[in-house]
Amino acid sequence: MRWHRFLPEILALGVGLLLWWGVAEWSGLPRFILPSPVDVYHKARYVILSGLLWKHAWATLVEVVLGLLLGLSVALPLGYLMARFWVLERALSPYLVASQAMPVVALAPLLIIWFGPGLFSKVLICALIVFFPMLINTVVGIRNIPSEWRDLLRVLHASWWQTLWYLEWPAALPVLAGGLRIAATLSVIGAVVGEFIAADRGLGFLINTARGRYDTALVFVALGALTLMALSLYAAVRLLEARLLAWQNHALEGTRVHRGG
Amino acid sequence: MSAVCPAGKALLWVHDLSLAYRNGGQPFWVLQDLNFQVPEGGFLAVLGPSGCGKSTLLRVLAGLLPPTRGQVCYASRPLAAPQPEIGLVFQHANLLPWRTVLQNITLPLEIRGVTRREAEARAREMVALVGLEGFEHTLPRDLSGGMAQRVALARALVYRPRLLLLDEPFSPLDTLTREQMWEELLRIWRHTGVTILMVTHSMTEALVLADRVLVLSPRPARLRLDLTVPFPRPRTEEIRFTPLFGELVRRIREAILSG
Ligand SMILES: Nc1ncnc2c1ncn2[C@@H]1O[C@H](COP(=O)(O)OP(=O)(O)OP(=O)(O)O)[C@@H](O)[C@H]1O
Ligand SMILES: [Mg+2]
């Protein structure tokens, strides 16, 4: 009964699929240029059942998540220090601006030369892409904490780590979560780029080999899987946000109030 | 800064205190040559026109701002940084929005390493004291201005400071609640021996509560009047309708208005 609510979306999807199918069937384009939805469905069934898709998707997911974690674990502390100490920001800015001006993706071949075609170089590429937006968001999140809240913690004689725990972390969290949402999708891009250049597994690798064999239906399947992965990561971050940031979300009011204890 | 603080009974000793904010170029003078003392257990009210520097004075006395000139001594020692014994209630409640009422009140205790159980018990006492039972788990965004301000007061009282600095704590309250809060504050003051310095805009509030009233001039704030309030305690409602009360109001008003 609840599917009514999604009627516009379902209709739009159906019309899109029909159009695709129509064009693929009657345009006279060869299959290796535009496979029909039916071809893609059969291909998807095959790679899912044979376990091929899982193997490659898992490889990519590992790179993406490890890259995210690595990028975060450098960006968060560094961003915090830069927000707190002007000297550090001044000293590091030239490097950061330069590193941001250089497209990280173009750095990928170099990283693969240095660190080989294995997992580590992919993780590094993801981490590099994730690093900058997370760093900026950390600096902004910490800097924008109202000085009155800082005064409060000073009056209460909080140590630096108490200030971090009771004030800076929760106060910066909304901005950090915003950065993480962007970072999660960027990390997927990083992994795919790395796999395009040199790899023996991963969805990027799958796309590359399928292209070489003119197996366009498989390219479509891999693209779909990548999209799904990026969306799931995004959704996971949103879920985390909803839990951690319930205090600023009116919609979640009822679920949050815990009485007694 | 010379570091001579007289050993004496004054808990707070302010000597030739001047303060300027420095935003880039010119110093912006806010406090000018203030001299006064607050004895331990005293109750001082500070009055002055808006923008004259009252909140700035409290920030200095809380150890948040170093004096530009002159000296502030707390308990016979130069005041250089915030002290654990000093409580400050900010002009705008300044609650942390991700913490519930109860959690905002337990914050000072958590920072002090008090156990969770004891912190909650003490916070609940404070909630009752400021009349907010039933709102323990409410978030600040769902409180009215007056309720938020009472939470801020509870947060400052919960760790039993020796000196309590209050920045217009009762301004957002209605007359009735405000007078109830006066009673509560006086009760706490009597029972704990806490020293109170309170900024207010209300002459009545100052005269009903305080031992002494300081009147500041427009910015830069100088001391215009240091008035001892002669009413005996406990004070009754009636004092407000005595000729003496009227006379004191007249003197304060004159001090504020005199060019
Ligand atoms: N951080 C700051 N930097 C520069 N100037 C400031 C700063 N804080 C306050 N001022 C200025 O100092 C003056 C005194 O401000 P303050 O907040 O102490 O006044 P106040 O007496 O508390 O006013 P009110 O009664 O309206 O609360 C004002 O002119 C204000 O603009
Ligand atoms: Mg003020």
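A surface patch, in the sense used here, is made of residues with over 30% relative accessible area and no salt bridge, nonpolar side chains being joined within 5 Å. In this predicted model, such a nonpolar patch of about 510 Å² is made by A:W3, A:F6, A:L7, A:I10 and A:L11. One of these residues, A:F6, lies in the segment before helix 1 (7-26) of chain A, and it counts as partly exposed because its relative accessibility is 41%.

Chain A also contains salt bridges that link parts of the chain distant in sequence. A:E168 forms a salt bridge with A:R84, the closest N and O atoms being 3.1 Å apart; A:E168 belongs to helix 8 (residues 160-197) of chain A and A:R84 to helix 3 (residues 52-84) of chain A, 84 residues apart. The two partners are covered to unlike degrees, for A:E168 is buried at 0% relative accessibility, whereas A:R84 is partly exposed at 37%. In another salt bridge, with an N to O distance of 2.9 Å, the side chains of A:R143 and A:E89 meet. A:R143 lies in helix 6 (residues 119-143) of chain A and A:E89 in helix 4 (residues 86-101) of chain A, so this pair ties together parts that are 54 residues apart in sequence. With a relative accessibility of 28%, A:R143 counts as partly exposed.

In chain B, six strands form an open sheet of mixed pairing, in the order 6-7-8-3-9-10. Strand 6 (86-89) and strand 10 (223-228) of chain B each have a single partner strand and stand at the edges, so one side of each is left without a neighbour in the sheet. From one strand to the next, the twist averages 15°. At one of these edges, strand 6 of chain B runs parallel to strand 7 (residues 163-167) of chain B and is joined to it by four bridges, with B:G87 standing opposite B:L164 in strand 7.

The loop that follows strand 6 leads to the metal site. The magnesium ion (ligand 2) has as its protein donors B:S55 (OG) and B:Q91 (OE1), which lie 1.9 to 2.2 Å from it. B:S55 is in helix 1 (residues 54-61) of chain B, while B:Q91 is in the loop between strand 6 and helix 2 (101-111) of chain B, 36 residues apart. Both donors are partly exposed, B:S55 with a relative accessible area of 26% and B:Q91 with 30%. The loop between strand 6 and helix 2 of chain B also holds B:N94, whose phi is near 60°, a positive value in a residue other than glycine; B:N94 is buried, with a relative accessible area of 9%.

Most residues other than glycine have a negative phi, and most peptide bonds are trans. Another residue with a positive phi is B:S76, at about 65°, found in the loop between strand 4 (69-74) and strand 5 (77-78) of chain B. The peptide bond from B:R219 to B:P220 is cis, with omega near -5°, and B:P220 is placed in the loop between strand 9 (212-216) and strand 10 of chain B. The bond from B:R233 to B:P234 is likewise cis, and B:P234 sits in the loop between strand 10 and helix 7 (243-257) of chain B.

Terms used
Residues are numbered from 1 along each chain as its sequence is written. Chains are lettered from A and ligands numbered from 1 in the order in which they are written. This is a predicted model: local features need pLDDT of at least 70, side-chain atom pairs count only at pLDDT 80 or more; totals for chains, interfaces and linings use all residues. Side-chain values use heavy atoms; hydrogens and water are left out. Patches are made of residues with over 30% relative accessible area and no salt bridge: like charges are joined within 9 Å, nonpolar side chains (Val, Leu, Ile, Met, Phe, Trp, Tyr) within 5 Å. Accessible areas come from the Shrake-Rupley method with a 1.4 Å probe; for residues, only the protein chains shown count as cover. A salt bridge is a side-chain nitrogen of Lys or Arg within 4 Å of a carboxyl oxygen of Asp or Glu. Helices (H or I, at least four residues) and strands (E, at least two) are DSSP runs, numbered from the N terminus. Buried means under 20% relative accessible area, exposed over 50%, partly exposed in between (1.4 Å probe, protein chains only). Two strands pair if DSSP finds at least two bridges between them. Axes are lines fitted to C-alpha atoms, for helices over the stretch in contact, and angles run from 0 to 180 degrees between N-to-C directions. Donors are N, O and S atoms within 2.8 Å of the metal (3.2 Å for Na, K and Ca); water is not among the atoms, so sites may look incomplete.
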